[in-house]
Amino acid sequence: MRVLGLLSGTSHDGIDSAVVDWTLDDGLLTGRIEHVGERPYEPGLRARILAALPPHQVGLGEVCALDTLIGQAFAEAAAAAPPCELICSHGQTLFHWVEDGRVRGTLQLGQPAWIAERTGVPVVSDVRSRDVAAGGQGAPLVSYLDLLLLAGLPGRAGALNLGGIANLTVGDPPLAYDTGPGCALIDAAAPPYDAGGALAAAGTVDRGLLDRLLADPYYRREPPKTTGKELFTPEYVRAELPLPDLVATLTALTAETVAAEIRRHRLDTVIVSGGGARNPALMGMLRTRAAPATFVTSDELGVPADSKEAIAFSLFGWLTAHGLAATVPRCTGASGARILGTITPGSGPLALPEPLAEAPVAIRFSGSPAAGR
């Protein structure tokens with residue numbers, strides 16, 4: 001079954017896509033990656049999304065407009081991808097409601113009806129809400145894919161995603177959570193991002209500022225836990241420093257908070273994905289602070305590092321279509337595993353495969369995906 005996964009993450013810069021053809025044989029799920037791509041948001045739309053994020057406040061009229069405009073942008077990204085039988089759209093997170101460490105709600109915009117109308121293909125959407133309703137954090141959902149990827153690796157292994165927010169998955173026993181900022185604060189200081197880590201490499205870490213940032217109570221909370229730009233807003237850092245020094249300090253913040261968790265779990269190998277995996281300054285700081293852990297990119301497991309989360313949402317769509325849960329309760333904190341999302345029919349009657357009685361126990365990837373914009 002060919003499923004298109006669509007995602008825009010906490011960097012809010014565009015829409016990642018991945019078409020994967022999934023087949024299950026005797027517990028082994030094989031994903032043939034046929035396409036990965038990225039479609040940047042039109043500048044005006046991205047500016048409106050950023051203007052709607054905390055601590056800014058917007059009216060319901062703007063929320064309605066963004067739901068439509070983001071839905072239309074996702075529809076165009078879907079139409080540009082190769083043909084598929086199902087689409088799973090994450091949409092764009094605008095707010096993750098957390099009070100006293102508990103997630104009360106989560107809001108992803110990008111009306112799926114626009115995608116279904118544009119493509120004629122059924123759409124799974126609103127993927128996080130069911131886990132939240134079951135008492136979970138609604139994240140990191142990617143832990144389901146991570147644990148399948150980590151199975152069988154020697155020693156103690158973990159999977160790290162360095163997006164706008166950084167999240168870590170470890171096994172034995174399964175655990176996944178947001179460690180804190182990934183690239184969000186770096187991007188806010190040097191928009192749209194610190195290309196090649198050049199600013200961080202040219203700067204000097206300000207130890208006093210770094211210590212103040214490390215004092216945030218979030219880092220002392222026990223998992224499962226999630227966070228986002230509701231906490232790590234652009235206003236989170238206001239420092240009278242030269243830009244290279246500020247970026248170097250924010251890069252060190254990400255490296256130190258991630259490395260602390262890697263040391264905590266005594267990981268031997270860390271599989272890295274996300275945009276931060278391409279930042280040499282960040283990865284250099286991380287290797288130093290997390291020694292003797294070894295870092296490899298998810299590309300080495302057949303999963304393009306820049307597209308892993310889009311591939312994960314393709315997987316979630318496949319699981320939902322086959323009546324299978326896509327959450328790991330120990331990772332999200334939910335009361336049990338849940339089938340995720342709601343389904344918007346395509347141009348014809350909704351026809352789903354026969355439900356499967358058992359979930360996959362192993363995963364592998366094949367194919368040489370064609371990249372597209």
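What covers the buried residues of helix 10? Keep in mind that this is a predicted model, and let's start with the helix itself. Among its residues, A281, L282, M283, M285, L286 and A290 are buried. The cover over them includes strand 7 (157-162), helix 7 (198-202), helix 9, strand 10 and strand 11 (294-297). At the N-terminal end of helix 10 you'll find N279 acting as a cap, with a side-chain oxygen 3.0 Å from the backbone nitrogen of A281.

Pick out L286 and look around. Not counting residues up to four places away in sequence, L286 touches L160, L162, A255, V258, A259, I262 and F295. That brings us to the bigger picture. In soluble globular proteins, nonpolar side chains tend to be buried together. Here, the largest nonpolar core has 40 residues, and the ones that touch the most other members are L160, L162, I262, V270, V272, L286 and F295. Several elements give two or more residues to this core, including strand 8 (165-170), strand 9 (175-181), helix 8 (207-214) and helix 10 (280-290). Helix 9 gives the most, with 9 residues. Apart from this core lies another one, made of 37 residues, among them M1, V20, I311 and F365.

Stay with helix 9 for a moment, since E261 is found there. Is E261 buried or exposed? With a relative accessible area of 11%, under the 20% cut-off, E261 counts as buried. Its side chain makes a polar contact of 3.1 Å with the side chain of R264. If you leave aside neighbours within four places in sequence, E261 is in contact with L168, Y177 and T179. Helix 9 has a charged pair to look at too: the side chains of E256 and R263 meet in a salt bridge, 3.1 Å from N to O. R263 is partly exposed, at 40% relative accessible area.

Now head over to the early strands. Strand 2 (residues 14-25) and strand 3 (residues 28-40) run antiparallel and are joined by 12 bridges. For example, A18 has V36 in strand 3 as its bridge partner. The hairpin these two strands form has 2 residues between the strands, and D26 takes a positive phi near 55° there. Strand 3 also pairs with strand 13 (residues 362-366), this time in the parallel sense, over 5 bridges. In that pairing, L28 stands opposite A362.

Charged side chains link this region as well. The side chains of R2 and D21 meet in a salt bridge of 3.9 Å, N to O. This pair links distant parts of the chain, with R2 in strand 1 and D21 in strand 2, 19 residues apart. R2 has a second salt bridge, to E34, at 2.9 Å. R2 lies in strand 1 and E34 in strand 3, so this pair ties together parts that are 32 residues apart in sequence. How exposed are the three residues? R2 is partly exposed at 33%, D21 is buried at 18%, and E34 is partly exposed at 23%. Because their salt bridges share partners, R2, D21 and E34 make up one network. The count for the model comes to 13 salt bridges.

Next, a charged residue without such a partner. R128 sits in the loop between strand 6 (123-125) and helix 4 (129-133). Why does R128, though buried, have no salt bridge? The nearest side chain of opposite charge, E309, is 5.4 Å away, so that pair misses the 4 Å cut-off. R128 does have a polar contact of 3.0 Å, side chain to side chain, with H90. Leaving aside neighbours within four places in sequence, the contacts of R128 include T106, Q108, L141 and F313.

Finally, take a look at some backbone details in the loops. A cis peptide bond joins D172 and P173, with omega about -5°; P173 lies in the loop between strand 8 and strand 9. The peptide bond from P223 to P224 is cis too, with omega near 5°, and P224 is in the loop between helix 8 and helix 9. H12, in the loop between strand 1 and strand 2, has a positive phi near 55°. R266, in the loop between helix 9 and strand 10, has a positive phi near 50°. Which one is buried and which one exposed? H12 is buried, at 2% relative accessibility, whereas R266 is exposed, at 59%.

Notes
Residues are numbered from 1 along each chain as its sequence is written. This is a predicted model: local features need pLDDT of at least 70, side-chain atom pairs count only at pLDDT 80 or more; totals for chains, interfaces and linings use all residues. Side-chain values use heavy atoms; hydrogens and water are left out. Helices (H or I, at least four residues) and strands (E, at least two) are DSSP runs, numbered from the N terminus. Buried means under 20% relative accessible area, exposed over 50%, partly exposed in between (1.4 Å probe, protein chains only). Lys and Arg count as positive and Asp and Glu as negative; His and the chain ends are not counted. A polar contact is a pair of N or O atoms within 3.5 Å; within protein, one must be able to donate a hydrogen and the other to accept it, and residues adjacent in sequence count only if both atoms are side-chain atoms. Contact means heavy atoms within 4.5 Å. A nonpolar core is a set of buried Ala, Val, Leu, Ile, Met, Phe, Trp, Tyr and Cys residues joined through side-chain atoms within 4.5 Å. Two strands pair if DSSP finds at least two bridges between them.
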